[in-house]
Amino acid sequence: MSGLTLAYLLEDNALIRRYLCDLLEHVAGYKVLAFECPQALLDRCREQRPDLMLLDIGLPNAKLDGQPVDGILVCKRMKQEFGSSMPPVVILTAHALAGEEQHILSESCADLYEAKPILDEDAFLARLAGLLPR
Amino acid sequence: LSRFTVFHARDLLRAAEPFLGPPPDLNELRDILVPRAPEIVEQFYATIVSSPDAVVFIQTPQQLANLHRSLEAWVQTFFSAPALVQKRAELALRMTRTHLEIGMPLELTMLGHLRLRRLMLRELFDFWPSGDRLGLGGAAEKLNHAFDYDLLLLTTCYHGMAVARLEANSSHLNSLNDRLAQSLKAQESLLRTTSHELRTPLAGLVGMLKLLRRGTYQNNPESQLSALDDSLAAANHLLTLTDDLLHLARLDLGRDRFDLQGFDARVATREVLRRFEPRAIEMGVHLHLEEGPPLLVQADRDRHAQVLSNLIQNAIRHAPHGLIEVSLGTTAQAGHILTRIHDNGEGIDPELLPKLFQPMTSTDRGGSLGLGLTICRRLVLAMGGRIRVHSNGPGQGASFEFTLPVGDAPCLIPRVGPTDAPHSILVVDYDANWSNKFSSWLAESLGVQIFCVPSGLEALESLKTHVPQLIMAEVALPAAHEGRIGDGLALLEELSHHPSAMLLPKWLISGHDLDFMQDDLVRGSHDQYWGKDQILVDRDRFLQAVQKCLA
């Protein structure tokens with residue numbers, strides 16, 4: 001792989017956006033583009049696929065094509081469109097409930113499920129690195 | 001039968017028909033037993049009175065008379081022709097209803113019925129013609145059949161009515177239950193949203209602190225500063241959120257006391273707007289208050305300011321570089337004052353309009369919690385007003401309107417302080433709220449007597465009977481009659497030629513921003529000028545000045 005790892009982040013809370021951005025950029029050394037709204041993320045993805053995507057599940061005010069969506073729907077929708085060129089996806093949730101993980105992973109076609117707040121950043125970054133092609 | 005809440009005899013008969021068979025014919029028994037009725041009723045009384053369970057229900061003469069009447073009616077219908085069966089059904093219904101109303105248990109009715117049957121059978125045996133022993137068996141069977149028939153009617157009534165009552169109760173309980181379930185559901189969703197709204201910024205905050213802790217920004221002081229600023233903003237947001245939640249919970253519990261009093265909504269509105277001027281300038285917003293006559297409302301002053309502040313704050317946030325017009329007026333619905341805050345900003349999505357005053361509806365991206373409007377609505381409702389919003393849609397601006405009841409003017413206390421005080425002061429101010437507090441404070445602090453009047457004319461009137469050592473007049477006084485003495489300045493000007501007041505010290509007091517009349521203040525005939533804010537901030541200095549003046 002040439003150059004920096006490019007990651008896209010979809011997160012509606014400004015502070016968490018900043019936190020994840022800084023974590024990925026300053027600590028992991030990725031290049032991160034952060035999005036607040038799914039439409040902008042989708043448009044950007046059509047132009048250039050990232051190496052990795054992080055999607056927040058809870059997006060109370062988000063809409064895609066006029067329909068309210070959450071991170072799961074956004075992920076499904078992109079998988080449909082991009083098929084085999086879909087980058088690995090990490091789905092993030094603040095409502096971590098036991099037993100939900102498998103359901104959400106199969107529902108969204110995401111590759112990794114992470115609960116916020118992230119307890120151990122280094123372990124989190126290691127899991128992300130595991131998703132990237134070697 | 002239970003489907004009917006009001007039973008008719010024909011419903012009862014229809015319901016009981018399959019079990020009842022044909023109505024009994026007691027024609028041949030009537031001549032023997034009806035003459036015995038008084039004796040039977042007498043013995044029945046004796047049984048009831050000796051039964052501790054039954055006697056409870058016939059304690060008053062009225063109850064005894066009722067029992068007597070119903071027994072007579074029962075005997076009459078019991079022996080009536082089979083064709084009159086509907087009468088029996090009616091009587092059974094009436095008895096059942098009475099028994100249910102007085103709370104008599106079914107067992108007692110049945111025991112009474114059994115007792116009557118026995119009494120009646122004994123009379124039949126005793127008085128049946130001795131020559132017709134063979135006929136007695138058939139007669140007794142008929143009597144038994146008639147009693148069975150009657151008992152079945154009664155129990156059917158009882159059962160039907162009891163079920164109907166239960167159903168009426170349970171449908172009431174069901175509707176209560178539905179409402180409770182709805183309210184629980186609302187609470188649950190509020191709790192879920194709330195916990196999300198609290199956890200999200202906290203998660204961000206914890207994350208940022210961990211990044212700072214591990215020295216992520218070590219080589220970049222600018223990033224470090226902005227990371228701290230962002231974290232601080234989130235912490236402040238959480239603080240506001242927690243305050244709002246607690247406030248809402250207090251309002252829900254009805255714990256908040258409202259100090260309702262009459263005050264001028266226009267003055268109060270102007271005060272609130274003044275506080276927002278720096279913020280408006282910063283956001284490039286033009287904040288305009290339509291001028292007009294004083295409008296007295298009855299409300300809690302602090303809560304009024306809170307509602308208005310929240311609406312102005314929202315308007316500034318959603319109409320950057322825009323225009324916010326605040327106007328006050330009376331409503332079509334008499335007895336209310338309407339405050340309208342109109343902005344030409346972002347406007348509101350029509351879908352959001354109906355939900356706007358519900359908790360957690362926010363037009364902000366990034367999910368600010370949006371409890372402000374919910375709190376506003378609660379406060380306005382609690383003060384007897386209404387609040388509503390109007391917007392033609394995105395980009396079309398928005399208008400928030402709230403009403404509050406018209407206030408009763410508080411009474412001005414005309415005289416405060418000891419009557420034998422060595423000094424007295426005349427205070428001319430139409431704002432009774434201020435005047436009452438101000439006068440009591442002055443009187444208490446300096447041991448002087450204060451005379452209070454609301455207008456210039458009344459000040460002149462007061463000077464005829466009492467001449468004080470100091471006069472303090474508010475600049476803004478209601479316009480006087482015949483064009484004389486329009487305000488405090490004019491009053492003091494007139495007093496400077498007044499025979500008994502020309503030599504007295506005259507002070508001008510004002511609650512308003514007087515920048516625009518600086519020239520008048522310089523030229524006026526007053527000796528000192530004090531702003532009300534200044535007095536409140538610098539109480540000691542004011543008291544010293546008064547003391548010096550009186551000495």
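In which sense do S2(B) and strand S4 (residues 323–330) of chain B pair, and over how many bridges? They pair in the parallel sense, over 4 bridges. Before going further, keep in mind that this is a predicted model.

Let's stay with that pair for a moment. His286(B) sits in S2(B), which covers residues 286–289, and it stands opposite Leu323(B) in S4(B). S2(B) also has two distinct faces: Leu287(B) and Leu289(B) are on the covered one, while His286(B) and His288(B) are on the uncovered one. That fits a general pattern: in a regular strand the side chains alternate between the two faces of the sheet.

## The two chains in numbers

Here are the two chains next to each other.

| Chain | Residues | Helices and strands | Buried residues | Accessible surface | Carbon and sulfur share of surface |
|---|---|---|---|---|---|
| Chain A | 134 residues | 5 helices, 7 strands | 49% | about 6,100 Å² | 52% |
| Chain B | 551 residues | 18 helices, 13 strands | 44% | about 29,800 Å² | 55% |

What about contacts between residues at least 6 apart in sequence? In chain A, 64% of them join residues at least 24 apart. In chain B, the share that joins residues at least 24 apart is 72%.

## Chain A: a sheet with helices on it

If you walk along the sequence of chain A, you meet its elements in the pattern β-α-β-α-β-β-β-α-β-α-β-α. Five of the strands make an open sheet with parallel pairing, in the order S2-S1-S3-S6-S7. Why do S2 (31–35) and S7 (112–115) of chain A each have one side without a neighbour in the sheet? They stand at the edges and each has a single partner strand, so the other side is left free of a sheet neighbour. On average, neighbouring strands in this sheet are turned by 20° against each other, with direction ignored.

Look at the S7 edge. Strand S6 (residues 89–93) of chain A pairs with S7(A) in the parallel sense, and the pairing counts 4 bridges. Within it, Val90(A) stands opposite Leu112(A) in S7(A).

Now add the helices. Helix H1 (residues 14–27) of chain A packs on the sheet and touches strand S1 (6–10), S2, strand S3 (52–56) and S6 of chain A. The direction of H1 makes about 165° with that of S2(A). Helix H3 (residues 71–82) of chain A packs on the sheet as well, touching S1, S3 and S6 of chain A. For H3, the angle with the direction of S3(A) is about 145°.

## Chain B: a sheet with mixed pairing

Chain B has an open sheet of 6 strands, in the order S8-S10-S9-S11-S12-S13, and here the pairing is mixed. Its edge strands are S8 (415–416) and S13 (528–531) of chain B, each of which pairs on one side only.

Inside this sheet, strand S11 (residues 470–474) and strand S12 (residues 506–510) of chain B run parallel and are joined by 4 bridges. Glu474(B) has Ile509(B) as its bridge partner in S12(B). There is a helix to look for too: H13 (residues 432–446) of chain B lies across S8, strand S9 (424–428), strand S10 (449–453) and S11 of chain B. H13 runs at about 165° to S10(B).

## Where the chains meet

How many residues of chain B are in contact with chain A? The count is 27 residues of chain B, in contact with 22 residues of chain A. Between them the two chains bury an area of about 2,100 Å², and carbon and sulfur atoms give 57% of it. Three residues stand out on the chain B side: His196(B), Lys210(B) and Arg214(B) supply 24% of the area that chain B buries against chain A, more than any other three residues.

Arg214(B) comes up again when you turn to charges. The interface holds 3 salt bridges. Arg214(B) forms a salt bridge with Asp122(A), with the closest N and O atoms 2.8 Å apart.

Finally, have a look at Thr200(B), which has its place in helix H8 (residues 133–213) of chain B. Is Thr200(B) buried or exposed? Thr200(B) counts as buried, because its relative accessibility is 8% and the cut-off for buried is under 20%. Leaving aside residues up to four places away in sequence, Thr200(B) touches Asn13(A) and Ile16(A).

How values were computed. Residues numbered from 1 in each chain as written. Chains lettered and ligands numbered in written order. Predicted model: local features only at pLDDT ≥ 70, side-chain atom pairs only at ≥ 80, totals over all residues. Heavy atoms only, no water. Buried < 20%, exposed > 50% of the residue type's maximum accessible area, 1.4 Å probe, protein only. Contact = heavy atoms within 4.5 Å. Areas by Shrake-Rupley, 256 points an atom, 1.4 Å probe, with all protein chains shown as cover. Pairing = 2+ DSSP bridges. Axes fitted to C-alpha atoms, helices over the stretch in contact; angles between N-to-C directions. Buried area = accessible area lost by both parts, 1.4 Å probe. Salt bridge = Lys/Arg side-chain N within 4 Å of Asp/Glu carboxyl O.
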